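Q: I should like to learn how to read the burial pattern of a helix and the backbone of a loop. Could a worked case be set out?

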Amino acid sequence: MKIVKNEDQNWKKAFLVGILASMFFAFTFVFNRSMNLGGGYWLWSASLRYLFTLPIMFLLVWKQHGLSAVFSQIKKNMLAWVLWSTVGFGLFYLPLTMASVYGESWFVAASWQLTIVAGIMLTPFFGNKIPVKNLIFSGVILIGIAMLQVSHIETMQTKGLISALCLILIAAFSYPLGNRKMMTLCSENLSTIERVFGMTLCSIPFWLIASVFAYASHGAPSGNQMLQSFIVALFSGVIATLLFFEATNMVRNNPKQLAFIEATQAGEVIFTLIGGILFLKDPFPSLIGFIGILIIVIGMIGNSLVSA
């Protein structure tokens, strides 16, 4: 009875942490769109986030005396670290940033929620059955997201829409795949902050190569783009990532609850919508769009009840 109570409290805490993470993740979509509107090159926006994130994470882990533990774990299986860190961070964030070229911040944030279903569909690859009820409610969330985008999709060219969705689809599978692979690889030997630092460090070769291409194509980034990239690095790359990874770590042994915590990312849509309207003067959604937001909330509550 005591174990059940502890598990119940654990997933509720993980839920709150996941929602808080989604709020900080929303800065990614708002500022990436802002940089695009200001003439910033999307490849710099992607690269600078992780190049700024690395020293911040280094200081945090150094303060906790965790550097030796991270380096020891990486040394044991460096190839796997580089591979799955590049998948989880590189193949997640580069296409997601490029997608911001094609539409408003909330359009990208809404489309990104494909990762909810992607995370659930990856469950069999980690030795567990697909949590069907969670999949159903995640489908409800996606219906709401689709309604939220209806009026926006009508204004986009077909080529741009297809390009954006293909990029987001790559990102949607890469993020949970890289995260779960690294959780399996690290076991319980590293804390969340140490694991995120290790993944950031091992993805740097990818970002350095991307930076070379960015400089060759568009020269050095502007001071304004560097400032906004730093804000994204701090709020999304550090705070949001640590919060989300900690939330998934709390329920790592329960596939249903893990799928539910990954579904809290749907909160990004609402937070990004508010941020886009306030700071980028994005248009309000139509009536159908607001109904879509309501359906998203219903889907999240349904996921919560199923997981409980």
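The dialogue below takes up one helix and two loop residues.

A: The model shown is predicted. We shall begin with the helix α3 and then turn to the loops.

Q: Which residues of α3 are buried?

A: A residue counts as buried under 20% relative accessible area. In α3 (67–76), the residues that meet this criterion are Leu67, Val70, Gln73 and Ile74.

Q: Where do the buried residues of α3 fall when seen down its axis?

A: The positions are judged by the directions from the helix axis to the C-beta atoms. The buried residues of α3 fall within an arc of 135°, so they line one face of the helix.

Q: What covers these buried residues of α3, and which exposed residues does the face turned away carry?

A: The cover includes α2, α4 (78–99) and α9 (192–218). The face turned away from the buried side carries the exposed residues Ser68, Lys75 and Lys76.

Q: Where is His65 placed, and what is its phi?

A: His65 is in the loop between α2 (42–63) and α3. Its phi is near 60°, a positive value in a residue other than glycine.

Q: Is His65 buried or exposed?

A: Exposed means over 50% relative accessible area. His65 has 73% relative accessibility and therefore counts as exposed.

Q: What is the phi of Lys281, and where is this residue placed?

A: Lys281, also a residue other than glycine, has a positive phi near 60°. Its place is in the loop between α12 (267–279) and α13 (287–307). Because its relative accessibility is 69%, Lys281 counts as exposed.

Conventions:
Residues are numbered from 1 along each chain as its sequence is written. This is a predicted model: local features need pLDDT of at least 70, side-chain atom pairs count only at pLDDT 80 or more; totals for chains, interfaces and linings use all residues. Side-chain values use heavy atoms; hydrogens and water are left out. Helices (H or I, at least four residues) and strands (E, at least two) are DSSP runs, numbered from the N terminus. Buried means under 20% relative accessible area, exposed over 50%, partly exposed in between (1.4 Å probe, protein chains only). Contact means heavy atoms within 4.5 Å.
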